[in-house]
Amino acid sequence: MNQENRVMATHLIPRSYRDFGVMRTAVKGEGIYLYGEDGKAYIDGCCGALLSSIGHGNREVADAVYKQMTTVEFAHPSRWRTTASEEAAAELASIAPGNLNHAWFGSGGSEANECAMKLARSYFVERDGSGSSKSLCIARWNSYHGSTLGTMALAGNMGRRRTHFPMFKESPKIETHYCYRCSWGLKYPDCGVLCAKKLETEIRRIGRQYVAAFIAEPVVGSSIGACVPPKEYWGIVRDICNRYDILLIADEIMTGMGRTGKAFCVEHWGVLPDIITSAKALSGGYSPAGAAVSSDKIIETILAGSGAFAHGHTYNANPATAAAITATIRFMKKNKLFENSSARGEELGRSLHAMEDIPIVGEVRGMGLMWGVELVENKETRKPFDPVKKAAAVVTNACLERGLVIYPGTGQIDGIEGDQFLIAPPLIVTAAQIEDIAARLREALEVSAEKLLK
Ligand SMILES: Cc1ncc(COP(=O)(O)O)c(C=O)c1O
């Protein structure tokens, strides 16, 4: 079937009709591999979008979901408790840091972040009364927090938000820690981590009485490609939030669930947010899931006030999803996947740094099993490729030809320029598989360099 016929034959609205016509159909998943209809095996080198952390075709999780679906598949959360959802919340609390002991469950990351914003607002209303003016959530440019109108207005992924921008109630934003292309042309550590300190400037400009929260991804995911902050960053923003009576929300939708070698990434810097949001790997990809995990402080304030959190979706605390979450976390614990993420991540990082000799590899960055590569036309000047060259797509296709799936991104410089990709295999990956991934990627980058630089 030609491309046009393939598109016309579907009733599904795909993300892109152009891409859909040439896309492979996934027919099977097993371990770190996805299989196309042509029978070819592809290494899922980015876990879809950093979610298939326990790999594909996991029987333990699938059986747990089946068992729950054939016991109680649904009971509306406004009228029923379920053991499944309370067990999942307890499992999540067992791996969440400090006093983050209370989970709200929804169907994905966008819902988790919407919930976090409302939790922050509710905390101040319960504490200070309905006249509280604290409602704004400050976020950062080059961030992604979801695709609902609320989370798109919050986030600063320039390319993704343009079409719908006129529909937003815009949130305030500060620059992020993109050291490779620092907004002020400074160098770490001489910069004094100015990007973190700018949060204070923004709060003072707006007025602390209007600001409820600051939200950020601990390692910037798809918007820049595994951009790791200076080690002082999270300590500085935590301190600013404390001084100005503002809640700190860590969006761990990509970075959480062991992706960076600890259950949640902020633990690397010993910082405790007031709310952590999780999704993606939370249910291993076996059921649509998202969670906002809240501190005791927020829940105690709600309990001492109205005793109600005015927020709900039909599918929130869904028992089948809860079963997937519980089984995923138990599988991760039993197989020490956070530890494996750390060990295999070091190996992957070493292999990627060894690729810095390839002329289009501008920067390699990341931690744990979350790595990003920024592609440039000129390594010395850091000049990006002309967007018409579609450098990220060229590398992605070269990887696909070699049976490796990566996660490309563009526009991190100004919404238009900039090419990068994420490489983040499942946490079950072995040392031998890391070598295989690295070999396929090196070949793809070398072939792409020849093509792009000629
Ligand atoms: C950091 C981050 N936050 C939020 C989201 C939104 O999650 P979802 O697509 O499940 O709504 C994503 C998804 O890519 C993400 O990477």
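**Exercise 1. Which residue of β10 stands opposite S278?** Work out the pairing around β9 in this predicted model.

*Solution.* Start with the strands themselves: β9 covers residues 275-278 and β10 covers 290-295. The two run antiparallel and are joined by 4 bridges. Now look across from S278, and you land on A291 in β10. On to β8: this strand pairs with β9 in the parallel sense, over 3 bridges. Here I249 stands opposite I275 in β9.

**Exercise 2. Find where β7, β8 and β9 sit in the sheet, and say which strands are at the edges.**

*Solution.* Write down the order: β4-β10-β9-β8-β7-β5-β6, an open sheet of 7 strands with mixed pairing. The edges are β4 (100-106) and β6 (173-174), each pairing on one side only. Next, check β7 (residues 211-216) against β8 (residues 247-251): they pair in the parallel sense over 4 bridges. In that pair, I215 stands opposite I249 in β8.

**Exercise 3. Are the two faces of β9 covered or open?** Bring in the helices too.

*Solution.* Recall the rule for a regular strand: side chains alternate between the two faces of the sheet. In β9, I275 and T277 are on one side, with I276 and S278 on the other. All four are buried, so both faces are covered, "buried" being under 20% relative accessible area. Now the helices. Helix α11 (residues 296-304) lies across β4, β8, β9 and β10, at about 80° to β10. Helix α10 (residues 233-243) touches β5, β6, β7 and β8, and its direction makes about 145° with that of β8.

**Exercise 4. R140 is buried; what does its side chain have for company?**

*Solution.* First place the residue: R140 lies in strand β5 (residues 136-140). Then look for an opposite charge. The nearest such side chain is E217, 5.4 Å away. A salt bridge needs 4 Å or less, so R140 has none. Finally, try polar partners: the R140 side chain makes a polar contact with the side chain of T176, at 3.3 Å.

**Exercise 5. Track down the unusual backbone spots, and say whether D245 and M257 are buried or partly exposed.**

*Solution.* Keep the usual case in mind: most residues other than glycine have a negative phi, and most peptide bonds are trans. D245, in the loop between α10 and β8, has phi near 60°. With a relative accessible area of 29%, D245 is partly exposed. M257, in the loop between β8 and β9, has a positive phi of about 55°. M257 is buried, at 1% relative accessibility. Last, the peptide bond from Y188 to P189 is cis, with omega near 5°; P189 lies in the loop between β6 and α9.

Terms used. Residues numbered from 1 in each chain as written. Predicted model: local features only at pLDDT ≥ 70, side-chain atom pairs only at ≥ 80, totals over all residues. Heavy atoms only, no water. Buried < 20%, exposed > 50% of the residue type's maximum accessible area, 1.4 Å probe, protein only. Lys, Arg positive; Asp, Glu negative; His and termini not counted. Polar contact = N/O pair within 3.5 Å; in protein donor to acceptor, adjacent residues only side chain to side chain. Pairing = 2+ DSSP bridges. Contact = heavy atoms within 4.5 Å. Axes fitted to C-alpha atoms, helices over the stretch in contact; angles between N-to-C directions.
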